[in-house]
Amino acid sequence: MTPLANPGLDHLVLLAHTLEQGLDWCEQHLGLRPSAGGEHPLMGTHNRLLRIDSAGFPGAYFEVIAIQPGAPMARSAGCKRWYDLDSLALQAQLRAHGPQLGHWVARVPDAGAAVQALSQLDIDPGALLQASRMTPRGLLQWQITVRDDGV
């Protein structure tokens with residue numbers, strides 16, 4: 001099995017200028033208001049989640065994410081937030097036109113091996129980062145790739 005075998009949909013990402021705007025969008029367009037979620041100290045963002053899993057996409061969810069006002073970003077200087085949220089053009093677009101579906105995230109069995117395999121294909125997935133956020137059940141931890149430019 002290759003390192004890129006058996007990928008799955010982890011989640012869809014709705015980008016919002018503010019979290020409240022994203023939640024309002026969900027309520028208006030989906031008839032639901034996501035409530036679970038939290039804060040990401042690594043990126044200075046916060047989110048809310050909505051399960052969308054099915055037999056074909058076990059564990060999949062819909063994420064509403066925005067920059068958390070006043071929250072510092074723990075990621076090193078010179079690096080940008082995930083999903084290109086630091087882009088002034090993107091933020092202007094989100095302010096003017098509202099939230100938008102911006103990304104999808106794949107789940108792979110071995111993130112390190114997937115990064116190596118993508119690099120061998122001349123695809124820069126970015127650095128493999130350790131991310132986390134607190135939940136009512138404790139600390140949730142995962143790995144994700146994010147390029148320094150945030151794209």
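**Helix H2**

I started with the outward face of H2 in this predicted model. The side of H2 turned away from its buried face carries Leu 88, Ala 89, Arg 95, Ala 96 and His 97, and these residues are exposed. Then I turned the helix over. Which residues of H2 (residues 88-97) are buried? I found Leu 90, Gln 91 and Leu 94. They span an arc of only 100° around the axis, so they sit on the same side of H2. I also looked up what covers these buried residues, and the cover includes S1, S4 and S5.

**The loop before H2**

Next I checked backbone angles in the loop between S4 and H2, where Tyr 83 is found. Most residues other than glycine have a negative phi. Tyr 83 has a positive phi, near 60°, and is not a glycine. Asp 84 is in the loop between S4 and H2 too, and its phi is also positive, at about 65°. Buried or exposed, I asked of Tyr 83? The relative accessible area of Tyr 83 is 8%, under the 20% limit, so I noted Tyr 83 as buried. Asp 84 comes out at 23%, so I put it down as partly exposed.

**Aromatic pairs**

I counted aromatic pairs and got 2 for the structure. I looked into the one formed by Trp 25 and Phe 62: the ring centres are 6.5 Å apart and the planes meet at 15°, so this pair is stacked. The cut-off for stacked is planes under 30 degrees apart. The pair joins distant parts of the chain, with Trp 25 in helix H1 (residues 19-30) and Phe 62 in strand S4, 37 residues apart. How accessible are the two partners? Trp 25 has 22% relative accessibility and counts as partly exposed, whereas Phe 62 is buried at 10%.

**Leu 12**

Phe 62 turned up again when I looked at Leu 12, a residue of strand S1. Setting aside residues up to four places away in sequence, Leu 12 touches Ile 52, Tyr 61, Phe 62, Glu 63, Leu 101, His 103 and Trp 104. Even with those contacts listed, I have to write Leu 12 down as partly exposed, at 25% relative accessibility. I also took a distance from Leu 12 to Gln 120: their C-alpha atoms are separated by 26 Å, and the two residues are 108 apart along the chain.

**The largest pocket**

I then went to the largest pocket, which holds about 1500 Å³ of space. It is lined by 46 residues, and the closest to its centre are Asp 10, His 11, Val 105, Ala 106 and Ile 144. Which elements give two or more residues to this lining? My list reads S1 (8-15), S2 (36-40), S3 (45-51), S4 (61-67), S5 (100-107), H3 (111-120), S6 (127-135) and S7 (138-146). S7 gives the largest share, 7 residues. By type, I have the lining as 26 nonpolar, 11 polar and 9 charged residues.

**Gly 44**

Gly 44 lies in the loop between S2 and S3. At 1% relative accessibility, Gly 44 counts as buried. What does Gly 44 touch, beyond residues up to four places away in sequence? I noted Ile 67, Gln 68, Ala 71, Pro 72, Met 73 and Arg 81. I also checked Gly 44 against Ala 66: they are 22 residues apart along the chain, with 8.9 Å between the C-alpha atoms.

**Two arginines**

I finished with Arg 137 and Arg 147. Arg 137 is in the loop between S6 and S7, and I have it as exposed, at 85% relative accessibility. From C-alpha to C-alpha, Arg 137 is 18 Å from Pro 34, and the two are 103 residues apart in sequence.

Arg 147 is in the segment after S7. With a relative accessible area of 26%, Arg 147 goes down as partly exposed. Leaving out neighbours within four places in sequence, I find Arg 147 in contact with Arg 75, Asp 124, Pro 125 and Gly 126. The C-alpha atoms of Arg 147 and Lys 80 are separated by 8.1 Å, for a spacing of 67 residues along the chain.

Conventions
Residues numbered from 1 in each chain as written. Predicted model: local features only at pLDDT ≥ 70, side-chain atom pairs only at ≥ 80, totals over all residues. Heavy atoms only, no water. 1 Å grid on protein atoms, 1.4 Å probe; cavity = no way out; pocket = protein on both sides within 12 Å on 5 of 7 lines; lining within 4 Å. Points joined across faces, edges and corners; volume = space filled by probe spheres on them. Helix = DSSP H or I, 4+ residues; strand = E, 2+ residues; numbered from the N terminus. Nonpolar A, V, L, I, M, F, W, Y, C, P; charged D, E, K, R; others polar. Phe/Tyr/Trp six-rings, centres within 6.5 Å; stacked < 30°, edge-to-face > 60°. Buried < 20%, exposed > 50% of the residue type's maximum accessible area, 1.4 Å probe, protein only. Arc of directions from axis to C-beta. Contact = heavy atoms within 4.5 Å.
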